Amino acid sequence: MLHDPARHEPLQALPWDEGRVRATIARIVDETVAAFTPAGLWPPHPRDVDPGEDAAAPVTNLYYGAAGVIWALDWLRGLGAADSPSFAQHLDALRVRNRASLAGMPGDNTGSYLMGDLPFEMMAWGHAPGAARADAIAALIEGNIGHPARELMWGSPGSLLAAALMHGATGDERWAVLFRGIAQRLREQLLWSQRQACHYWSQDLYGRQSRYIDAVHGFVATARALLMGRHLLPEADWLEWQACIETTVANTAIRENGRATWPVQADEAPGTPQKWLMQFCHGAPGFVICLADLPGHALDALLAEAGEATWAAGPLAKGSNLCHGTAGNAYAFLVLLARTRDARWRERARAFAMHAIAQFEAEAARTGRLRHSLWTGDIGLAVFLWDCLHERPRFPTLDGFFAQGHR
């Protein structure tokens with residue numbers, strides 16, 4: 001078995017209901033807007049408060065704080081999914097508060113893509129493009145190239161993604177130069193696993209050394225950033241990267257009876273005890289999502305097996321969220337639908353969507369409030385539901401950042 005059944009729950013057999021989907025999006029947006037205050041921002045949810053943290057202190061970052069909520073409201077409005085007010089006028093003040101929250105951490109984390117200053121500057125630029133904002137973004141990207149994490153949330157792979165996103169929004173060569181420089185540095189930092197005959201990166205993360213290969217902290221998230229900017233690389237360089245990605249993904253996979261997933265870390269000895277996670281941030285769904293745009297067909301069968309493993313595991317008991325919830329896993333089905341045009345993936349995405357709505361409704365009824373977070377909460381669910389309606393396999397802030405009409 002490739003998943004831990006205790007982390008999942010039986011799928012509720014709910015019929016696809018477009019009206020209910022649209023009503024859920026509207027409810028989440030309306031209640032999110034109503035819950036905001038300039039001083040308190042959006043109140044943190046108990047699930048997003050770690051032991052020892054102030055349960056009343058507002059969270060500001062993109063990943064699970066106020067910046068992510070502002071981003072999602074802008075994104076939904078730009079797509080025509082909602083007609084909510086913009087909170088962009090609060091970004092500069094939020095950035096100052098976010099920097100203060102990072103002050104107690106070791107090292108310089110201001111260039112972090114999901115936790116630092118970088119997304120604040122990118123959102124502000126999206127609303128009011130200008131040379132000063134662009135220079136600030138470029139400085140944050142450059143200053144983060146040497147970050148020891150070497151993963152999406154904190155390290156240079158997040159900077160790589162930001163450079164690709166900025167180039168996509170502007171076409172300015174400065175972002176292509178940054179992208180190529182970071183890609184070259186990452187290539188120099190690759191390690192080789194003799195055991196698995198493939199490359200990987202190590203991460204100096206949270207006070208320990210890791211070899212993650214997952215879709216937040218590991219190899220395949222970096223592959224996502226490389227895929228987004230592959231047209232910025234010389235063809236020979238990209239072909240080397242593609243071979244590297246395909247080899248590592250294939251050689252680290254765990255396959256069983258037509259299903260597949262991945263361990264948490266690379267270079268593990270046979271028989272190493274596994275933490276059987278089947279969610280975006282660890283396991284099969286994140287691999288499918290991060291490799292959505294991989295050219296060619298070398299991994300098609302493996303990605304389909306990963307989709308089968310995600311479906312067999314069922315919805316996640318942690319709730320409806322993106323990072324480790326039912327909506328995040330369902331994006332894998334949207335990716336496979338786009339890659340294969342096989343209708344079974346549409347039906348599976350819709351089945352998970354309806355289950356996620358039921359999870360959201362039950363949680364909101366139990367707590368009497370929403371969970372105000374992009375990657376771990378309800379506004380992220382609203383983005384997924386809109387994408388499910390329109391069969392768009394675009395994972396929030398991973399596959400796009402600037403909503404239509406923002407520049």
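**Buried side chains and overall fold of a predicted model**

Trainee: With which side chain does the side chain of D74 make a polar contact?

Mentor: In this predicted model, the side chain of D74 makes a polar contact at 2.6 Å. D74 belongs to helix α2, which spans residues 66-78. The partner in this polar contact is the side chain of R77.

Trainee: Is D74 buried or exposed?

Mentor: The cut-off for a buried residue is a relative accessible area under 20%. D74, in helix α2, has a relative accessible area of 5%, and therefore D74 is classed as buried.

Trainee: R348 is another charged residue to consider; with which side chain does the side chain of R348 make a polar contact?

Mentor: R348 is located in helix α13, residues 343-367. Neighbours within four places in sequence being set aside, the residues in contact with R348 are E308, W311 and F333. The polar contact of the R348 side chain, at 3.1 Å, is with the side chain of E308.

Trainee: How far apart in space are R348 and W311, C-alpha to C-alpha?

Mentor: W311 is among the residues in contact with R348. In sequence, R348 and W311 are 37 residues apart. In space, their C-alpha to C-alpha distance is 7.4 Å.

Trainee: Why does R348 count as buried?

Mentor: A residue is buried when its relative accessible area is under 20%. R348 meets this cut-off because its relative accessibility is 13%.

Trainee: How many residues of helix α8 are buried?

Mentor: Helix α8 comprises residues 219-228 and is mostly covered. Its buried residues include F219, R224 and M228. Of the 10 residues in helix α8, the number buried is 10.

Trainee: Which elements do the buried residues of α8 pack against?

Mentor: Among the buried residues of α8 are V220, A223 and L227. The buried residues of this helix pack against a strand, β2 (198-200), and against the helices α6 (156-170), α7 (173-189), α9 (235-252) and α10 (284-290).

Trainee: Two arginines in loops have positive phi values; which of R150 and R341 is buried, and which is exposed?

Mentor: R150 sits in the loop between α5 (131-143) and α6, and its phi is near 50°. R341 sits in the loop between α12 (326-340) and α13, with a phi of about 60°. Buried requires a relative accessible area under 20% and exposed requires over 50%. With 16% relative accessible area R150 is therefore buried, whereas with 52% R341 is exposed.

Trainee: What radius of gyration does the protein have, against the expectation for a compact globule?

Mentor: The C-alpha atoms fill a box of roughly 55 × 50 × 40 Å along the principal axes. A compact globule with 407 residues would have a radius of gyration near 22 Å, and the value for the protein agrees with this, being 20 Å.

Trainee: What share of the contacts with a separation of 6 or more joins residues 24 or more positions apart?

Mentor: The protein contains 14 helices and 6 strands, and buried residues make up 59% of its 407 residues. Within the contacts at a separation of 6 or more, the share from residues 24 or more positions apart is 71%.

Trainee: How far apart do the centres of the positive and negative side chains lie?

Mentor: Carbon and sulfur atoms account for 52% of an accessible surface of about 15,200 Å². The protein has 36 positive and 43 negative side chains. The distance between the centres of these two sets is 1 Å.

Methods:
Residues are numbered from 1 along each chain as its sequence is written. This is a predicted model: local features need pLDDT of at least 70, side-chain atom pairs count only at pLDDT 80 or more; totals for chains, interfaces and linings use all residues. Side-chain values use heavy atoms; hydrogens and water are left out. Helices (H or I, at least four residues) and strands (E, at least two) are DSSP runs, numbered from the N terminus. The radius of gyration is taken over C-alpha atoms; the globule rule is 2.2 Å times the number of residues to the power 0.38. Buried means under 20% relative accessible area, exposed over 50%, partly exposed in between (1.4 Å probe, protein chains only). Contact means heavy atoms within 4.5 Å. Accessible areas come from the Shrake-Rupley method with a 1.4 Å probe; for residues, only the protein chains shown count as cover. Lys and Arg count as positive and Asp and Glu as negative; His and the chain ends are not counted. The place of a charge is taken as NZ of Lys, CZ of Arg, CG of Asp or CD of Glu. A polar contact is a pair of N or O atoms within 3.5 Å; within protein, one must be able to donate a hydrogen and the other to accept it, and residues adjacent in sequence count only if both atoms are side-chain atoms.
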